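Subject: Structure handover and notes

Dear colleague,

I am passing on the structure we spoke about, together with some notes on what I found in it. Please have it open while you read, since the notes move from the overall fold to single residues.

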Amino acid sequence: MRGQDQLGLTFDDRMSGWLGVGQTDPADGRVLGQKEGTALHLRAHVTIEKLRRFIEQPDHVATLDGTVSCGPLGVDLPLRNGTYNVLVIAPKTGERQMIYEARFTAASGERFFLRGVKHVGDDPG
């Protein structure tokens with residue numbers, strides 16, 4: 001059993017969506033991004049160093065690395081200080097979510113904080 005305490009996991013993920021630069025509300029950002037045609041593409045590499053600890057943590061935090069691309073900001077911009085939280089329960093809806101958070105610097109030198117959310121629903125089919 002001791003060896004299992006050292007098991008880790010890595011995986012890659014991609015996420016795309018609309019970005020409304022300067023928006024803090026995700027719904028407003030999506031609407032503005034669609035209107036302005038500013039698609040954002042995230043290429044993520046998630047590292048879970050100790051799987052057992054990750055599973056037992058209520059917030060299920062892992063390390064997030066990768067790049068982000070968005071036309072007006074730049075291409076393949078490296079992520080910094082990234083975290084990945086899986087199956088966090090949204091307080092208002094009770095829905096499970098996967099949350100990606102990281103900082104990056106645009107080609108212009110302007111700094112940004114990115115928060116991406118995947119909603120996980122029960123699909124009985």
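Read along the sequence, the protein chain runs in the order β-α-β-α-β-β-β-β-β, which amounts to two helices and seven strands. Please keep in mind throughout that this is a predicted model. Along the principal axes, the C-alpha atoms of the protein chain occupy a box of roughly 55 × 35 × 25 Å, and of its 125 residues 30% are buried. Among contacts between residues at least 6 apart in sequence, 45% link residues that are at least 24 apart.

The core comes next. The largest nonpolar core comprises 24 residues, and those with the most contacts inside it are L64, L73, Y84, Y100 and F104. Strands β2, β3, β5, β6 and β7 each contribute at least two residues to this core, with β2 giving the most, namely five residues. Two of the residues just named deserve a closer look. Y84, which is found in strand β5 (residues 80-89), has a relative accessible area of 4% and therefore counts as buried, the cut-off being under 20%. Leaving aside neighbours within four places in sequence, Y84 is in contact with F11, V46, H60, V61, A62, L64, M98, I99 and Y100. The C-alpha atoms of Y84 and I99 are 5.7 Å apart, although 15 residues separate the two along the chain. L64, again not counting residues up to four places away in sequence, touches A44, H45, V46, L79, G82, T83, Y84, Y100, E101 and A102.

Two residues with polar side chains are also buried, and I describe them one at a time. Q97 is found in strand β6 and is buried at 12% relative accessibility; beyond four places in sequence, Q97 touches N85, V86, L87, V88, A90, V117, K118, H119 and V120. S69 belongs to strand β3 and is buried as well, with a relative accessible area of 16%. The side chain of S69 reaches the backbone nitrogen of D76 at 2.8 Å, and D76 is also one of the residues that S69 contacts beyond four places in sequence, the others being A39, L40, H41, G74 and V75.

As for open space, the largest pocket holds about 980 Å³. The lining of this pocket consists of 31 residues, of which W18, P26, L114, R115 and G116 are the closest to its centre. By residue class, the lining divides into 15 nonpolar, eleven polar and five charged residues. At least two lining residues come from each of β1 (9-18), α1 (26-36), β2 (39-48), β6 (96-105) and β7 (111-120), and β7 gives the most, with eight residues.

Finally, there are two local details at the ends of α1. At the start of this helix, a side-chain oxygen of D25 comes to within 3.1 Å of the backbone nitrogen of A27, whereas just after the helix G37 adopts a positive phi of about 70 degrees.

With best wishes

Notes. Residues are numbered from 1 along each chain as its sequence is written. This is a predicted model: local features need pLDDT of at least 70, side-chain atom pairs count only at pLDDT 80 or more; totals for chains, interfaces and linings use all residues. Side-chain values use heavy atoms; hydrogens and water are left out. On a 1 Å grid over the protein atoms alone, a cavity is a set of points where a 1.4 Å probe fits but cannot get out, and a pocket is an open set with protein on both sides within 12 Å along at least five of seven lines; lining residues have an atom within 4 Å of a point. Grid points are joined across faces, edges and corners, and a volume is the space filled by probe spheres set on the points. Helices (H or I, at least four residues) and strands (E, at least two) are DSSP runs, numbered from the N terminus. Ala, Val, Leu, Ile, Met, Phe, Trp, Tyr, Cys and Pro count as nonpolar, Asp, Glu, Lys and Arg as charged, and the others, Gly among them, as polar. A polar contact is a pair of N or O atoms within 3.5 Å; within protein, one must be able to donate a hydrogen and the other to accept it, and residues adjacent in sequence count only if both atoms are side-chain atoms. Buried means under 20% relative accessible area, exposed over 50%, partly exposed in between (1.4 Å probe, protein chains only). Contact means heavy atoms within 4.5 Å. A nonpolar core is a set of buried Ala, Val, Leu, Ile, Met, Phe, Trp, Tyr and Cys residues joined through side-chain atoms within 4.5 Å.
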